[in-house]
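Here are some notes to read alongside the structure. Take the points in order, and keep the 3D view open while you go.

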There are 2 protein chains.
Amino acid sequence: MQIADRMEGFSPFYVMELLQRAKQLELAGREIIHMEVGEPDFPSPASVIEAGARKIQTGEIKYTAAAGLPELRNKIAEYYQQQYAVNIPAERIFITPGASGAFLLALGVSLNPGEAIIMADPCYPCNHNFVRFFGGHAKLIPVSATTKYHLTADLIKQHWQDKTCGVVIASPSNPTGTVIAEEELKKAIAQVNHYHGCFYSDEIYHGLVYEPPANSALQYSDDVFVINSFSKYFSMTGWRIGWLVVPEKFIDAVERMAQNIFISTPSHSQYAALHAFTEKNLQELERRKELFKDRRDFLYDHLLRLGFVIPVKPEGAFYIYADCSRFTNDSYQFAKDLLEQQGVAVTPGKDFGNNDANCYIRFAYTASIAKIAVAIEKLEQFLTR
Amino acid sequence: MQIADRMEGFSPFYVMELLQRAKQLELAGREIIHMEVGEPDFPSPASVIEAGARKIQTGEIKYTAAAGLPELRNKIAEYYQQQYAVNIPAERIFITPGASGAFLLALGVSLNPGEAIIMADPCYPCNHNFVRFFGGHAKLIPVSATTKYHLTADLIKQHWQDKTCGVVIASPSNPTGTVIAEEELKKAIAQVNHYHGCFYSDEIYHGLVYEPPANSALQYSDDVFVINSFSKYFSMTGWRIGWLVVPEKFIDAVERMAQNIFISTPSHSQYAALHAFTEKNLQELERRKELFKDRRDFLYDHLLRLGFVIPVKPEGAFYIYADCSRFTNDSYQFAKDLLEQQGVAVTPGKDFGNNDANCYIRFAYTASIAKIAVAIEKLEQFLTR
């Protein structure tokens with residue numbers, strides 16, 4: 001019995017060690033403020049809860065079509081019309097077990113072993129692990145504040161090689177919260193289309209953008225994969241439901257792969273998600289977005305005051321990626337000490353790549369302002385210890 | 001944009017075409033008897049429904065640990081103790097999005113591209129498509145009534161080569177419903193252990209075995225992967241929840257892979273499944289098993305009467321794999337005609353491999369005896385047309 005080679009490239013989540021330690025401390029009676037968790041602290045929307053419970057009470061939680069409930073695919077098509085004024089045929093929309101499932105399908109149908117996918121460093125670590133999963137090579141391109149921590153058409157041009165299959169752009173970015181500029185997104189897609197490569201647009205933080213709303217890759221091309229999810233904006237993490245929009249050419253392949261590797265997405269989650277788009281619900285979600293914005297402003301101001309450097313003010317998601325080089329050049333140790341001494345849990349930069357990662361910390365503002373205020377106090381004590 | 005090479009090997013499900021046609025006919029007002037569906041016709045257990053709805057109503061449907069709820073892992077460990085008298089540490093048990101998720105993890109951590117996995121033909125088609133998913137080669141070994149449609153130690157020996165990584169045995173088998181004899185299972189595992197290969201035991205139809213209960217691979221070795229699910233015996237298909245037991249050596253790799261490719265299994269399903277093991281529920285499931293047994297007996301007798309050949313009486317799952325060579329040598333066309341002319345949907349043998357598949361039909365007795373009786377009448381009319 002051997003462990004498969006692909007596991008070598010699978011980076012662990014360093015934050016997991018912190019999480020385990022946090023749990024130990026909590027069991028021992030310490031209060032921990034969690035600013036490491038990438039999940040909204042709000043409950044799932046009332047209309048979704050009600051519909052989910054109602055569906056379960058029927059007892060008829062059966063397989064659905066592999067591509068998802070036709071009604072839900074239609075609802076998402078309508079949502080694209082409303083949000084981005086684009087017409088996406090429902091046949092191109094696949095319901096998936098979270099954005100994770102969407103990434104599995106998108107790369108599974110398009111990436112061959114030995115091929116490379118270009119992505120920004122820093123980025124969400126699962127994205128490059130998915131590439132390794134299929135025997136591909138994740139080409140991590142260091143990005144900086146100059147490009148708002150996003151890839152550009154020029155960077156893509158510079159790094160595209162024979163074996164390059166495509167490009168992932170995640171906007172708003174996890175961990176930086178920055179949104180790619182419309183022009184840049186357009187140019188990047190055009191560049192990848194020019195190479196006849198695959199453009200994978202990770203849009204799972206769409207909806208959680210504070211100033212002008214983010215643009216979808218679908219506004220500029222039909223030849224893109226778009227990954228999205230009910231987890232973040234819709235506060236439905238544990239339901240494990242997301243979606244994938246695919247170029248027409250891939251419809252049949254995605255359908256076959258979904259049948260085989262998932263059978264179907266949880267059906268109670270699908271029936272519940274049908275009720276995610278009510279006007280009342282969307283109003284509540286917009287209200288929550290405003291709360292996230294207030295938290296961002298609060299946290300941003302205080303981090304700057306304490307001496308962290310944040311070269312681009314994040315415009316979305318619920319993260320601030322802060323340069324802590326004034327205090328340490330080992331942000332992992334910094335995070336461990338902060339947890340141990342002050343009970344504040346954050347995520348070290350090294351979970352997001354190699355690009356100066358030891359000088360960065362990701363703060364998630366998935367806690368109330370009251371809690372964030374306490375965390376700031378504790379952080380201040382920690383820094384002036 | 002290219003479609004990845006792995007998709008070439010992904011066989012479609014031929015039954016899907018039948019299903020689509022069945023839906024058309026139903027929309028046009030025809031009544032269809034479904035004997036093609038691999039999903040129990042019973043609702044999910046009352047205790048599970050209640051717990052699932054209660055959990056949803058809290059609104060707190062958040063990510064869980066990637067390996068699953070510790071309480072649920074413990075419950076499954078207890079269940080192994082009760083059912084098979086084996087001690088499995090909960091750390092070796094991973095909660096997965098259905099048996100599909102369990103297979104993804106098991107092969108993902110142990111199979112390298114270019115390596116082969118031996119499995120029986122006929123077998124469940126997803127199992128070999130999973131192997132292709134990882135760039136492996138599914139070596140399908142024709143099996144017959146002589147070995148109850150299962151692999152044996154001798155067959156494994158005969159087909160094991162340098163590049164062979166492991167063996168899948170699914171018992172009870174889908175499509176044949178046959179259970180591997182205890183001695184044969186033991187010897188097969190010993191043979192694979194001897195080669196230091198991986199033994200993957202697909203036990204998703206355990207619980208649904210009518211005479212002596214099936215033996216788990218875990219009774220004979222700790223160095224096996226066991227795939228199981230709440231879908232079949234527990235009637236929880238749409239909840240998408242199963243589990244994987246892994247050899248100790250693989251715990252860390254499976255954990256890392258699960259974090260990356262799933263984040264977690266649907267959490268409402270996990271909280272619900274905690275209540276699957278109550279005595280009252282298990283009594284109800286045993287009662288359902290008896291109903292399945294009655295259906296098997298009824299269907300078996302009538303199929304034989306009509307001239308189908310069933311060389312081994314199936315002992316579990318809810319399938320009869322019947323030789324229809326007296327009537328046709330194109331069971332796919334037979335299935336299409338049967339649907340069109342009589343409104344009875346069944347699955348053609350070619351969905352399960354190449355081994356004389358055109359002479360076989362799979363009947364699923366996931367319908368009441370009353371419905372099966374009507375199907376038999378219609379089948380009789382069809383055969384004497």
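1. Let's begin with a pair of helices in chain A, keeping in mind that this is a predicted model. Helix 1 of chain A packs against helix 11 of chain A with the axes 10 Å apart and an angle of about 10 degrees between them. Angles under 35 degrees count as roughly parallel, so helix 1 of chain A is roughly parallel to helix 11 of chain A.

2. Which residues make this contact? Helix 1 of chain A brings Tyr14(A), Leu18(A), Arg21(A) and Ala22(A), while helix 11 of chain A brings Tyr332(A), Ala335(A), Lys336(A) and Leu339(A). Sorted by class, the residues of this contact are six nonpolar, no polar and two charged.

3. Now stay with helix 11 of chain A and look at its other partner here, helix 12 of chain A. Helix 11 covers residues 331-342 of chain A and helix 12 covers residues 369-383 of chain A; their axes come within 10 Å and cross at roughly 110 degrees. Angles of 65 to 115 degrees count as roughly perpendicular, so helix 11 of chain A is roughly perpendicular to helix 12 of chain A.

4. Who meets whom at this crossing? From helix 11 of chain A come Leu338(A), Gln341(A) and Gln342(A), and they meet Lys378(A), Leu379(A), Gln381(A) and Phe382(A) of helix 12 of chain A. The classes here are three nonpolar, three polar and one charged.

5. How far does helix 11 of chain A reach from its first C-alpha to its last? Its twelve residues reach 15 Å, close to the 16 Å expected at 1.5 Å a residue. Just after helix 11 of chain A comes Gly343(A), with a positive phi near 70 degrees.

6. Try colouring the buried residues of helix 11 of chain A: Ser331(A), Tyr332(A), Phe334(A), Ala335(A), Leu338(A), Leu339(A) and Gln342(A). These residues lie on the same side of helix 11 of chain A, because they cover an arc of only 160 degrees around the axis. On the face turned away from that buried side you will find the exposed residues Gln333(A) and Gln341(A). Among the elements that cover the buried residues are helix 1, strand 10 (344-345), strand 11 (347-348), strand 12 (360-364) and helix 12 of chain A.

7. Next, a single residue of chain A. Tyr210(A) sits in the loop between strand 6 (198-202) and strand 7 (225-229) of chain A. Is Tyr210(A) buried or exposed? It has 20 C-beta neighbours inside 10 Å, so Tyr210(A) counts as buried. Leaving aside neighbours within four places in sequence, Tyr210(A) is in contact with Lys293(A), Arg296(A), Glu315(A) and Gly316(A). Glu286(A) is 76 residues from Tyr210(A) along the chain, and their C-alpha atoms are separated by 9.9 Å.

8. Where the two chains touch, chain A provides 60 residues and chain B provides 61 residues. On the side of chain A, helix 2 (46-57), helix 4 (98-108), helix 5 (125-133), helix 8 (251-261) and helix 9 (267-273) each supply at least two residues. Helix 8 of chain A gives the most, with six residues. The side of chain A that touches chain B has 31 nonpolar, 21 polar and eight charged residues.

9. Over in chain B, find helix 8 (residues 182-194). Its 13 residues should span 18 Å at 1.5 Å a residue, and the end C-alpha atoms are 18 Å apart, which agrees. Buried here are Leu185(B), Ala188(B), Ile189(B), Gln191(B) and Val192(B). They lie on the same side of helix 8 of chain B, because their arc around the axis is only 160 degrees. The face turned away from the buried side carries the exposed residues Glu183(B) and His194(B). Packing against the buried residues are helix 7 (153-159), strand 5 (164-170) and strand 6 (198-202) of chain B. His196(B), which follows helix 8 of chain B, has a positive phi near 55 degrees.

10. Last stop: Gly136(B), in the loop between helix 6 (125-133) and strand 4 (137-142) of chain B. Gly136(B) counts as buried because it has 25 C-beta neighbours inside 10 Å. Its contacts, apart from neighbours within four places in sequence, are Leu111(B), Pro113(B), Glu115(B), Ala116(B), Ile117(B) and Val131(B). The C-alpha atoms of Gly136(B) and Lys163(B) are separated by 9.8 Å, with their positions 27 residues apart along the chain.

Notes
Residues numbered from 1 in each chain as written. Chains lettered and ligands numbered in written order. Predicted model: local features only at pLDDT ≥ 70, side-chain atom pairs only at ≥ 80, totals over all residues. Axes fitted to C-alpha atoms, helices over the stretch in contact; angles between N-to-C directions. Helix = DSSP H or I, 4+ residues; strand = E, 2+ residues; numbered from the N terminus. Parallel < 35°, antiparallel > 145°, perpendicular 65-115°, else oblique. Contact = placed C-beta atoms within 7 Å. Nonpolar A, V, L, I, M, F, W, Y, C, P; charged D, E, K, R; others polar. Expected span 1.5 Å × (residues − 1). Buried ≥ 20, exposed ≤ 12 C-beta atoms within 10 Å, placed from the backbone. Arc of directions from axis to C-beta.
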